[in-house]
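These are my notebook entries on strand pairing and cysteines, written down in the order in which I looked things up.

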Amino acid sequence: MSKDLALQAISYGSVYVARVAMGADPQQTLTAFREAEAYDGPSLVLAYCHCISHGIAMRDGLDQQYRAVESGYWPLVRYDPVVRAAGGNPFMLDSTRPRIPLGDYTNRELRYRSLQNTDPVEAERLHGLGEQQVLRQWDVYEEMATRGAQRFAADARKEQ
């Protein structure tokens with residue numbers, strides 16, 4: 001599995017970080033861009049972008065972004081150091097727990113279907129690992145979103 005770039009950037013504590021997908025939640029995307037622009041420091045906005053090489057029609061791209069979020073593959077989050085400095089929980093989980101199977105997202109893309117066609121056993125094994133990774137990531141994100149402000153303040157003191 002790939003590394004979580006959002007969590008890596010959040011670990012610095014002083015970087016505004018957002019993960020967005022316009023096709024899933026245009027308002028969250030707009031909010032994240034506004035917050036990132038207003039933040040007096042480094043900002044990182046990770047935007048899910050569909051690609052023609054994924055084997056989906058470009059007109060269906062926003063729907064695929066929606067599936068990525070709804071499957072838990074691409075959770076929508078924001079981390080605002082300004083909220084942390086004010087004593088609040090800076091981590092906001094803007095999407096709900098996965099509501100569709102990961103396969104409803106992955107099976108629509110050529111990069112995943114091609115493995116299914118060439119090596120179905122390995123594709124099934126990797127799909128299972130992907131489902132596990134999505135749930136692990138959600139456990140981490142949900143825990144961060146429910147932390148008390150004191151917990152983030154304690155983490156900030158450890159960094160100094």
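Entry one. I looked up Val17 first, in what is a predicted model, and found that Val17 stands opposite Tyr79 in strand E3. The pairing behind this contact joins E1 and E3, the latter made of residues 77-79, in the antiparallel sense over three bridges.

Entry two. I then turned to the other partner of E1, and noted that Val17 also stands opposite Leu44 in E2, while Arg19 has Leu46 of E2 as its bridge partner. Strand E1 (residues 16-20) and strand E2 (residues 43-47) pair in the parallel sense, and I wrote down five bridges for them. Following the chain from E1 to E2, I passed through helix H2 (residues 26-38), and this β-α-β crossover is right-handed.

Entry three. Is E1 mostly covered or uncovered? I found that E1 is mostly covered, since five of its five residues are buried. On one side these are Tyr16, Ala18 and Val20, and on the other Val17 and Arg19, so that both faces are covered.

Entry four. I searched for disulfides and found zero in the structure. Cys49 is in none, and the nearest cysteine sulfur, that of Cys51, is 9.3 Å away. Why is there no bond for Cys51? Its closest cysteine sulfur, in Cys49, lies 9.3 Å away, which is too far for a bond, because a disulfide needs the two sulfur atoms within 2.5 Å.

Entry five. Last, I checked how accessible these two cysteines are: Cys49 counts as exposed because its relative accessibility is 55%, whereas Cys51, at 30% relative accessibility, counts as partly exposed.

Notes: Residues are numbered from 1 along each chain as its sequence is written. This is a predicted model: local features need pLDDT of at least 70, side-chain atom pairs count only at pLDDT 80 or more; totals for chains, interfaces and linings use all residues. Side-chain values use heavy atoms; hydrogens and water are left out. Buried means under 20% relative accessible area, exposed over 50%, partly exposed in between (1.4 Å probe, protein chains only). Two strands pair if DSSP finds at least two bridges between them. Helices (H or I, at least four residues) and strands (E, at least two) are DSSP runs, numbered from the N terminus. A crossover is right-handed if, with the strands pointing away from the viewer, the path from the first strand over the helix to the second runs clockwise.
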